Each structure stands twice: as structure tokens, then as C-alpha cells.
Amino acid sequence: MADLNTLEDVLSKHKKEKKELLATVQKMKHGIPKGDKKKKKDITAEIAQMTADLDLKHAEEVKNFNQKMFLWNQILIQRKCCSTTKQEKEREKAIAEQEIINLTGNRSVESAEISKKLSARGLTIHEVPSDGNCLYAAIEHQLSTLNLGRRSVESLRESTANYLLAHKEDYLPFLSDSETGGILSDDKFFKYCEDIRTTSAWGGHVEIQALTKICCKPIEIIHATGPSIIVGNENKSPKLIISYHRHAYGLGEHYNSVVSV
């Protein structure tokens, strides 16, 4: 007997058996002598019994098949639950291991050092998105917080690009060509400035120097590995204070704004 793996297999088998029964019934009817009412009555009763028996047999087979499928599904569910439980345990273990790494790793050490320095001065971090615009967003927030005017990220980028282009000789020596290691060519310097203006290119020390001139304020950078760096005229106040994070974000280096607690 062929394996009955699906309900369709079972019903197909039943259809075949009913067809076979119908052929048998037709043969039995044709065997009844004409005019033999008793024989006809007996054959009719026998056919009815055969049909009822087959219907009962089919109903029982469908019931048994459904029970078998139910039990099999329960087994699969149990196996899945066990598998899920195992996966969850492995995931929880991985998370715990990562937390240990984080607690002792560069990110945690850096965060603790910066927090310690900020706390000593009654300061805290104001997070800005780590999307490449972080330097400009941090300066934007500083200007707004200190009531020094409202400048958008786009406006600060535009001003920075224009300032660098206007003072190329002052800043070009600090920018190197990543391909040759030498100073940027005029074309590449222009592209560098256009990237500042039109893309989310990350800003660094050169851009900070330009921003101190644009905003007419010194910029203090608090970081984990040493004393704060102040760019611009230290005697002017108030300073714009930002924090520098080397390890905190997946995209790499990052700046945040710093505010009073």
C-alpha cells in the first residue's frame, strides 16, 4: 500500500475504492435474474451494506489521518519550541558576552572617561545623530543653546566650504591626498570643499578651525584620552563645547554637543 502522506492522498484512495465498489455493484446488479425479486432484494441490501461499510471505513481513515497529523504537528511544535529555546539561550549568551566586552572594551572605557570629565564640570552630553553631520549638528545645538543665533546644518556646511575656499593657502597644508599621501591638488581641494557643502561628509579638525572663525567663538573639544582641546581664541567667551567619541558609534568617529546638567 502506498504511503498516505497528505489528506489528498487519502481522498484519492477513497475515490479509487468508490470507483471499484461502483464497478462491483454494477456487476452484481447485472447478475440478478430477471423477475427474481427476492434475489434483487438481497443484492440491494448487500450493496447498501457494502456502501455503508466503505463509507464507515473512509470516515475512520480520515479520522485516523487527522489524528496522526495532529500528533505530528504537536511533535513539530515541541521540536520548534525546543529549538527556539536553544536559540534564545544562545542569543542571550551572546548578548551577555558582548556586554562583558562592552564593559571592558574601548567604547565603555571611553564613555566612562568622558562622563567623568563632564561630571566634574557639571556638564552632560546632548546626543546628535551619527549621520556624518554630527560636527555641524553639535555646533548648531551649541549656538542655539547659548542664544548665539540659529544656524542650520546646511548653513554651517555652506559657510565652512566657502571659508575654506577663500582661505585655501591656510588650510591646504593640513589636507593630504589619500591616494598619493601628498597635498591635495587644486581640483581635489575644490571637490573636498564641495563635498562639505553638498554631502554628509564627516568634519574634522580643519572644519573645526573654520567654524571657530565663522562663529567667532572658540570651540572646546572634550575627549577621553587627555585634556580638552580648545581651537580658536581661548580668551573669548562663551566657548562652544563639544565632545569627541572615537569608539562609541558604528559609523566611526563622532561629535556630540555638551550642555550643563
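## Overall layout

What pattern does the protein chain follow when read along the sequence? The order is α-α-α-β-α-α-α-α-α-β-β-β-β, made up of eight helices and five strands. Please keep in mind as you look around that this is a predicted model.

Of the 261 residues in the protein chain, 30% count as buried. Among contacts with a separation of 6 or more, 60% are between residues 24 or more positions apart. The structure also holds twelve salt bridges, and a few of them are described further down.

## The nonpolar core

A good place to start is the largest nonpolar core, which has 33 residues. Within this core, Ile 139 and Ile 242 touch the most other members. Two or more residues come from each of these elements: helix H4 (134-145), helix H5 (153-166), helix H7 (186-198), helix H8 (205-215), strand E2 and strand E4 (240-249). Helix H4 is the biggest giver, with seven residues.

What does Ile 242 touch, leaving aside its neighbours within four places in sequence? Its contacts include Leu 135, Ala 138, Ile 139 and Gln 142. Ile 208 is on the list too, along with Ile 219, Glu 220, Ile 221 and Ile 222. Tyr 255, Asn 256 and Val 258 complete the set.

## Helix H8 and the residue after it

Helix H8 is mostly covered, with nine of its eleven residues buried. Which residues of H8 are buried? They are Val 206, Glu 207, Ile 208, Gln 209, Ala 210, Leu 211, Thr 212, Ile 214 and Cys 215. Ile 208 is also one of the residues in contact with Ile 242.

If you step just past the end of H8, you come to Cys 216, which takes a positive phi of about 60°.

## Strands E2 and E3

Strand E2 covers residues 219-222. In a regular strand, side chains alternate between the two faces of the sheet. In E2, Ile 219 and Ile 221 point one way, while Glu 220 and Ile 222 point the other way. All four of these residues are buried, and each of them is in contact with Ile 242.

How is E2 joined to strand E3 (residues 229-231)? The two strands run antiparallel and are joined by three bridges. For Ile 219, the bridge partner in E3 is Val 231. A hairpin of six residues makes the connection from E2 to E3.

## A salt-bridge network between H1 and H2

Now for some charged residues. Lys 13, Glu 17 and Lys 57 are linked in a network of salt bridges. In one part of this network, the side chains of Glu 17 and Lys 13 meet at 2.8 Å, N to O. Both residues lie in helix H1, four residues apart, or about one turn of the helix. H1 itself spans residues 7-30.

Glu 17 also forms a salt bridge with Lys 57, with the closest N and O atoms 3.1 Å apart. Lys 57 lies in helix H2 (residues 37-104) and Glu 17 in helix H1, so this pair ties together parts that are 40 residues apart in sequence.

Are these three residues buried or exposed? Lys 13 has a relative accessible area of 15%, so it counts as buried. Glu 17 is buried as well, at 17% relative accessibility. Lys 57, at 33%, counts as partly exposed.

## Charged residues around H5 and H7

Helix H7 holds a salt bridge of its own: Glu 194 pairs with Arg 197, and the closest N and O atoms are 3.0 Å apart. These two residues are separated by about one helical turn, because they are three residues apart in H7. Glu 194 is partly exposed, with a relative accessible area of 22%.

Arg 157, in helix H5, offers another picture. Why does this buried residue have no salt bridge? The nearest side chain of opposite charge, Asp 131, is 6.9 Å away, and a salt bridge needs the side-chain nitrogen to be within 4 Å of a carboxyl oxygen.

Not counting residues up to four places away in sequence, Arg 157 touches Gly 132, Asn 133 and Tyr 136, among others. Its contacts also include Asp 195, Ile 196 and Arg 197, as well as Thr 199, Ser 200 and Ala 201. Arg 197 is thus both a contact of Arg 157 and the salt-bridge partner of Glu 194.

Key
Residues are numbered from 1 along each chain as its sequence is written. This is a predicted model: local features need pLDDT of at least 70, side-chain atom pairs count only at pLDDT 80 or more; totals for chains, interfaces and linings use all residues. Side-chain values use heavy atoms; hydrogens and water are left out. Buried means under 20% relative accessible area, exposed over 50%, partly exposed in between (1.4 Å probe, protein chains only). Two strands pair if DSSP finds at least two bridges between them. A nonpolar core is a set of buried Ala, Val, Leu, Ile, Met, Phe, Trp, Tyr and Cys residues joined through side-chain atoms within 4.5 Å. Contact means heavy atoms within 4.5 Å. Lys and Arg count as positive and Asp and Glu as negative; His and the chain ends are not counted.
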